[in-house]
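Visitor: Please pick one part of this model and take me through it closely, with the cut-offs behind each term.

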Amino acid sequence: MLHRRWFAGKPMENSDVRKSVKSCGAIALAFSVLWSGPTFAWGDDGHEVIALIARSRLDPVALQQVDAMLSADPDSLTAHNIADAATWADRFRDSDREGARQNTRQWHFVDLEITAPDLDRACFGHPSLPAGTLASNGPARDCVVDKIDEFAAELASPATDPSERVVALKFLLHLVGDLHQPLHASDDHDQGGNKKRASAQGLKVGTLHHFWDTDFVDQLGPDPKRIAAMLDARISAADARTWARGTPSDWALESFKVAKDDAYGQLPTPNARGSYRLPDSYIAMATRDVASQLSKAGVRLAFMLNRALK
Ligand SMILES: [Zn+2]
């Protein structure tokens, strides 16, 4: 599983290049031209939607701190607002394809096997951080659940060095989102759907993983701001209270259930070449699931930030 999600995803498209130029400057432009790389986890739009839902639910004190930390951040991989910063962890990993930043690669998911889910195993036995080690320097073999807990603790502690604290914030903005992508909390010996080919009417052929990262988000609309506003308006106070309960482990198991029941569970029989033709009913179900997962992720991200920054 070492190279999972490495080859999956779509080549960078023109709109992505424009976005990169706008938000990341010349280095990102050079990078995007040289390497048309894959996307991992929710595409940028999904992460932006989650961050924007969270932003609308931040307490004034937390909001002020998030904005101040991001605006003072000297890093140039993303623009310094919450929506763009939520995509930073992918940029960070991908800006250093052969180097130390690849140590963060497995922090974006938790491989719960569909037939035998085992959170402890999928989290490599939950390695503890050696005393004095920053979460951003932690062991490469760790899972998204543990890293969310570690970065939340760093964000909450006034003793954390300011440069690590903003890194913790940016990882948190991203990883809470990744945890809610069902195929980031599940595996069917197929690299989280990356080895399954799928197609659907009117959509580009791709991996099942990519459909869940990007295509089903696109079904909600072209503009992350509008998607966030639409989903946010639909979240009842009772839902928000219910969703904010629990821990990242609980939320991982909930994502896993969506994957087991729907993402994998509702797949049609594959064709002779092993490829899945997704019917309209699957797309409709998946789009509903994605709307729900983005909404829950936004509420829970706000919950974690409000708690850490009160
Ligand atoms: Zn990610």
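Guide: Two residues are in contact if their C-beta atoms, placed from the backbone, lie within 7 Å. By that rule, and leaving aside neighbours within four places in sequence, Pro-270 is in contact with Ser-275 and Tyr-276. The model is predicted: local features need pLDDT of at least 70, side-chain atom pairs count only at pLDDT 80 or more, and totals for chains, interfaces and linings use all residues. Residues are numbered from 1 along each chain as its sequence is written.

Pro-270 sits in the loop that runs between helix 12 (248-263) and strand 3 (276-278); helices (H or I, at least four residues) and strands (E, at least two) are DSSP runs numbered from the N terminus. Pro-270 counts as partly exposed because it has 13 C-beta neighbours inside 10 Å; 20 or more would make a residue buried, 12 or fewer exposed. The C-alpha atoms of Pro-270 and Arg-197 are 9.3 Å apart in space, with the two positions 73 residues apart in sequence.

That loop belongs to a protein chain with 13 helices and three strands. Of its 310 residues, 46% count as buried. Among contacts in the protein chain with a separation of 6 or more, 72% join residues 24 or more positions apart.

Helix 10 (residues 224-234) shows how burial is laid out along one element. Pro-224, Ile-227, Ala-228, Leu-231 and Asp-232 of helix 10 are buried. Seen down the axis of helix 10, the buried residues fall within an arc of 125 degrees, so they line one face of the helix; the arc is that of the directions from the axis to the C-beta atoms. Lys-225, Ala-233 and Arg-234 are exposed, on the other side of helix 10.

The cover over the buried residues of helix 10 includes helix 2 (44-56), helix 4 (82-85) and helix 13 (280-308). Two of these, helix 2 and helix 13, have axes that come within 7 Å and cross at roughly 50 degrees. Helix 2 and helix 13 are therefore oblique to each other, as angles are when not under 35 (roughly parallel), over 145 (roughly antiparallel) or 65 to 115 degrees (roughly perpendicular). Axes are lines fitted to C-alpha atoms over the stretch in contact, with angles from 0 to 180 degrees between N-to-C directions. Helix 2 supplies Gly-46, Val-49, Ile-50, Ile-53 and Ala-54 to the contact. The residues from helix 13 are Leu-294, Ser-295, Ala-297, Gly-298, Val-299, Leu-301, Ala-302 and Leu-305.
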